Every structure is written in structure tokens, then in C-alpha cells.
Amino acid sequence: MSALTESPAWMALARHRESMAGVHMRSLFAGESGRFQRFSCEACGLLLDYAKNRVTNETMSLLMALARQQDVSGWREQMFSGGKINITENRAVLHTALRAPVDRPVYVDGHNIAPDIARELKRMLHFADAVRYGSWTGYTSRQIRDIVSIGIGGSDLGAVMVTEALRPYHHPDLRLRFVSNVDGTHLAETLGWLDPETTLFIIASKTFTTQETMTNAHSARAWFLDEGAPEDAISRHFIALSTNEKEVRAFGIALENMFTFWDWVGGRYSLWSSIGLPIALAIGSDRFQQLLAGAHAMDEHFRSAPFEQNMPIIMAMLGVWYVNFWGAGVHAIIPYDQYLHRFPSYMQQADMESNGKSVDRDGHFVDYDTGPVIFGEPGTNGQHAFFQLMHQGTRVIPADFLASAISHNPLVGPLGAHHEILLANFYAQTEALMLGKSAAEVRAELQNSGMSAERIAQLTPHKVFSGDRPSNTVLYKKLDPFTLGALIALYEHKIFVQGVVWNVNSYDQWGVELGKQLAREILPELGVTARVIGREPHGHDSSTVGLIQWFRKNCVEE
Ligand code: F6P
């Protein structure tokens with residue numbers, strides 16, 4: 001047994017879990033009329049209702065005791081003050097400094113990083129506005145109309161998600177496109193529509209060595225020159241967002257066209273840095289600052305609110321409750337907000353790359369579960385896809401439901417107001433998940449419809465909903481930059497707290513390395529597409545050899 005699973009707070013929760021077996025949320029609601037008031041809180045424009053969880057006052061105080069035992073406040077202070085909590089990479093974790101006021105010093109190796117952050121942010125926003133207002137033009141003096149951001153993972157998903165989420169605030173004449181996949185289709189389908197004279201390429205890569213990004217970047221550069229642009233036009237059309245000056249220069253991008261950030265900004269936490277340039281281009285500098293302000297407001301809440309009213313800590317500990325004490329291996333994130341359609345994908349990387357670990361900070365294999373599988377789709381679409389399993393499947397899938405009170409598109413059609421129909425579904429789903437429908441209720445309903453007794457007996461078990469399925473609800477007034485900043489930071493801190501409780505390093509990602517290494521070895525064995533026969537595959541298992549051989553035989557069209 002590990003120190004964690006043997007610890008008093010953990011064992012107290014395990015005992016409490018036993019006492020909660022067979023307690024249905026229906027009875028919790030029946031026994032406590034003020035459950036919403038007790039189990040909800042507000043911060044930074046967000047309302048979190050967590051009343052529809054398998055929790056009592058005792059559960060919450062035991063969960064908070066576990067958070068205290070694991071020293072969440074100590075780790076939190078270390079993170080905010082620049083402690084090198086990313087131990088395997090010997091790095092500080094300071095995405096919070098990117099959105100803090102400039103007059104608040106933060107030291108890394110004795111150096112105050114706040115002025116560096118402010119300087120780079122100013123440069124980046126100045127550039128974004130120059131493109132937006134037309135003072136930065138292409139090599140033929142025409143205004144930039146298309147921006148292609150090339151990056152992957154943390155150098156892509158945040159910018160994609162935020163620019164989609166904030167579409168109502170976009171510059172009307174700038175089109176943003178993102179290319180991440182090394183599958184040539186992604187780049188080809190994007191470039192097909194573009195005019196090189198009015199296109200700006202942003203190469204976003206912390207390391208500037210990532211295979212997919214560099215492949216796409218070099219192909220984009222070749223396309224640009226093939227389309228007739230002169231070599232010296234590259235400086236007006238290629239911008240780098242990176243920490244690696246040497247590689248940026250080697251690619252042919254001048255340093256004045258590079259916006260930097262630092263090793264203490266993790267890829268999946270980097271949208272607040274220069275990696276956010278596509279966002280600033282889309283929404284402008286003032287709104288980018290509002291996004292930062294929203295995240296900072298959540299940082300302040302996380303840093304100062306008592307645990308019992310601390311939104312990220314509450315969400316994190318509820319997650320721990322389900323993962324470790326109810327065996328939930330999956331967590332759904334379901335925005336009833338079409339503008340947040342990439343939020344679940346973004347959260348997949350943020351959460352799964354952070355807490356998908358099975359070795360603790362001391363190098364021991366854990367004997368408890370860590371990060372869950374994150375998935376999701378916007379509502380109401382998800383209802384017509386995977387909600388069947390959420391309502392009647394054998395697994396418990398805790399879920400977060402997100403929605404705004406005000407829509408950016410208050411459409412009223414012949415059948416009614418779209419937003420009200422959306423929200424009616426939103427409220428109905430969490431209520432249905434919690435309440436379920438008993439056999440007696442099903443029978444009564446069927447009897448009222450005049451069905452035969454035989455058919456009722458046959459159908460009843462299929463129409464029963466066990467209920468007692470947990471969900472959090474997050475509501476906000478309107479999805480504006482400030483609110484979105486707060487929402488993202490909420491989840492970032494949730495992930496942090498869970499990492500502390502599970503005693504894993506949430507800020508490295510060694511698990512992505514092996515596949516990259518093997519791909520480098522396999523690549524020379526696939527040379528046939530360029531009509532050069534690659535070297536024979538060797539050193540692989542028979543399945544991989546068989547699959548490579550099949551490709552070599554079949555990869556050229558007859
Ligand atoms: O997938 C692994 C990873 O290292 C991510 O953590 C990172 O966000 C992504 O690759 C891209 O890396 P880079 O910004 O260096 O191109």
C-alpha cells in the first residue's frame with residue numbers, strides 16, 4: 001500500500017464510501033431542501049452547482065481533509081511563487097505569472113520574470129494590432145486576410161479552442177485557419193484556398209523541433225515560394241512563436257519576427273503566452289487582455305478562497321471522489337454552447353497529458369487510479385450520441401455541464417427561442433441523470449397510456465433509469481473573453497489539485513516520447529512513396545514488420 005492509500009484522510013474516505021453505498025441522490029435531495037445553497041458557489045462570473053453529486057456535508061469535509069493532508073495549499077504557493085515543481089524537467093510552472101499584474105514580481109532563479117512577460121506581451125499585442133489595422137501588410141503591400149497557424153498539441157489546441165469560443169469577437173476581415181496534423185490533407189486543404197500575398201503563417205512550436213509542425217512549416221514555406229513569392233518576402237509572411245531562437249533562425253525567420261516564451265510555460269498551459277498570438281489576431285489586444293484578466297481573477301480566487309468555497313478545489317476533490325472511491329475511469333465535459341465545441345478536445349490534452357501518470361513524484365508505481373479519460377461533445381448533440389450509456393449504461397460517468405444564460409445568437413424561430421430550448425435540455429439532462437425513473441414510475445406511466453399488462457411487464461426493465469448519476473453544472477452569464485479566461489483557469493487549477501492529491505508531476509509528458517522515437521526509426525523503412533525503396537524493416541515485432549511490408553507493397557497507385 002502507498003503512503004496515500006494508507007493515509008488517515010484516504011482511509012476515512014474509504015470508510016465513508018462504504019456508508020454511502022445504496023444512498024441514492026434522490027434521498028439526499030429529499031432529506032435536505034437547501035442542497036443547492038449548500039453545494040453551490042460563485043466566483044469570477046461562474047456559478048458552480050455541485051448538489052447533484054453523491055455527497056453529503058461529511059463527504060465534502062472528508063474530501064477537504066484529504067486536500068489539506070496532501071498539502072494542496074503548500075504546493076499551490078510553490079507553484080505561484082516559482083518553485084520548480086516540475087521535478088523531472090527541473091522547471092517552474094508559471095502560466096499564472098503570464099496573466100498576473102506586471103507590478104507583481106515573480107522570481108525564477110533569482111530573476112524577476114514579470115518585466116520580461118510584460119515586454120513580450122506588449123510586442124505580441126502590438127504586432128497583432130498592426131496586422132488587424134492593416135499597418136503590417138504582405139510583400140505586395142496588400143493587407144493580410146488569411147492567417148494560418150501551424151502547431152500541434154499545446155501549441156495548437158488552446159488557440160483553436162479559444163478562437164472558436166470567441167468567434168463573435170473576431171475581426172470581420174481576418175480568417176484564421178489552423179494546421180496541426182502531419183497528414184498532408186490538413187495542409188493541402190488549407191492552402192488550396194489561399195493567396196500567398198495576403199496570407200500570414202504563424203509557426204507555433206515551443207521546441208521548434210516537433211516533427212509534425214516542422215514538416216508542415218517547411219511545406220508551407222515551399223508552397224509560398226512555389227506560388228511566386230520572392231525569398232525575401234518570407235520575413236513579412238512567416239512568424240515564429242517559440243522558445244528556441246537557434247531553430248527559428250535556422251528555419252529562416254528573423255528574430256524580430258519571433259515572439260518568445262519560456263521553459264516554465266508548459267505547452268498545454270501556453271495559450272496565455274505568445275502562443276496566444278492567433279487569439280490576439282482574432283479578437284484584438286483589449287479582448288486578449290480581458291481573457292488574461294479572467295484567468296487572473298480565477299487565480300486569485302484559487303489562491304485565496306477557503307477550500308470549502310474554492311471552485312477548482314471542489315471540482316478536483318469531487319473528481320478524486322469518483323475516480324478513487326467509486327471506480328469512475330471516465331469524466332465527460334459537455335458544453336451546451338456551440339462556441340465551446342473544441343473545449344472537450346482542449347481539456348483532453350490539458351487533463352490527460354497532465355495527470356495520465358502511473359508513477360508518483362518519488363518514482364514509485366501508484367496503487368490507486370489517477371487521471372480519468374476525458375471526453376465530450378457539445379449538447380444537445382451528445383444527447384443523440386453517447387447519453388444512452390450515461391443514463392442506462394453500467395458505468396458511472398461523472399459529467400460537467402456548461403452553459404450561458406445569454407446567447408450570442410438569440411434566434412427565435414417558428415418553434416420558439418433556440419436558447420430556451422437548449423437550456424431546457426441542459427437542465428433536463430442533469431435532473432434526469434440524478435433522479436432516474438423507478439420501475440413503479442415506468443409502470444404507472446405505461447398504464448396511463450393504456451398498454452396491456454403483458455407489454456408493460458416486458459417493457460418496464462428497459463425503460464427504468466437507475467439515476468444517481470453525478471454531474472456538476474457550470475453557468476455563466478455570457479461567453480465573453482473574461483469569462484472564458486476564468487473557465488479555462490478553473491480547469492487548469494482543478495488538474496493541478498488532482499495532481500497534488502495523486503502525488504504525480506502534472507507538468508511533464510514523457511509518455512509521448514516512445515512513439516516519437518519509434519516513428520523516427522520506422523520512417524526510413526517507408527521510403528517507397530518517394531519511389532525510393534526504403535531500407536528493409538528490422539528490429540520490430542512481427543506484427544509491425546507485416547504491416548510495414550503491406551504498406552510497401554500497396555502504397556503506389558497502379
Ligand atoms: O505531444 C507532446 C507535446 O510535447 C505537447 O506537450 C506539446 O504541447 C506538443 O508536443 C507540441 O510541442 P511544441 O510546441 O514543442 O511543438
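Helix α6 is a good place to start: no other element gives more to the lining of the largest cavity, where α6 supplies four residues. Bear in mind that this is a predicted model.

That cavity holds about 60 Å³ of space. Its lining includes Ile-117, Glu-120, Leu-121 and Met-124, along with Trp-262 and Trp-272. Sorted by class, the lining has six nonpolar, three polar and one charged residues.

Helix α6 (residues 114-132) also packs on a sheet, where it touches β7 (199-204), β8 (238-242) and β9. The direction of α6 makes about 140° with that of β9.

So what does that sheet look like? It is open, with five strands in the order β6-β5-β7-β8-β9, and the pairing is parallel. β6 (175-179) and β9 (258-260) stand at the edges with a single partner strand each, so one side of each has no neighbour in the sheet. On average, neighbouring strands are turned by 20° against each other, direction ignored. Take β5 (residues 146-150) and β6 as an example: they pair in the parallel sense over five bridges, and Ser-149 stands opposite Phe-178 in β6. Another helix, α9, lies across β5, β6, β7 and β8 and runs at about 160° to β7.

Now for the open spaces. The largest pocket has a volume of about 1100 Å³. Of the 38 residues that line this pocket, Thr-210, Glu-353, Gln-509, Val-512 and Lys-516 are the closest to its centre. Helix α9 (211-226) turns up again here: together with α15 (343-355) and α21 (513-522), α9 gives two or more residues to the lining.

The second largest pocket has about 410 Å³ of space. It is lined by 18 residues, and nearest its centre lie Asp-337, Gln-338, Ser-407, His-419 and Leu-422. Helix α17 (residues 418-435) gives the most to this lining, with four residues.

Here is how the two pocket linings divide by class:

| Pocket | Nonpolar | Polar | Charged |
|---|---|---|---|
| Largest pocket | ten residues | 17 residues | eleven residues |
| Second largest pocket | seven residues | ten residues | one residue |

Back to the enclosed spaces. How many cavities of 30 Å³ or more does a search of the whole structure find? There are three. The second largest cavity has about 50 Å³ of space, and among its lining residues are Gly-319, Tyr-322, His-331, Lys-494 and Trp-502. α14 (311-325), β10 (330-335) and α20 (481-502) each supply at least two residues of that lining. By class, the lining has seven nonpolar, three polar and one charged residues.

Conventions. Residues numbered from 1 in each chain as written. Predicted model: local features only at pLDDT ≥ 70, side-chain atom pairs only at ≥ 80, totals over all residues. Heavy atoms only, no water. 1 Å grid on protein atoms, 1.4 Å probe; cavity = no way out; pocket = protein on both sides within 12 Å on 5 of 7 lines; lining within 4 Å. Points joined across faces, edges and corners; volume = space filled by probe spheres on them. Nonpolar A, V, L, I, M, F, W, Y, C, P; charged D, E, K, R; others polar. Pairing = 2+ DSSP bridges. Axes fitted to C-alpha atoms, helices over the stretch in contact; angles between N-to-C directions. Contact = heavy atoms within 4.5 Å.
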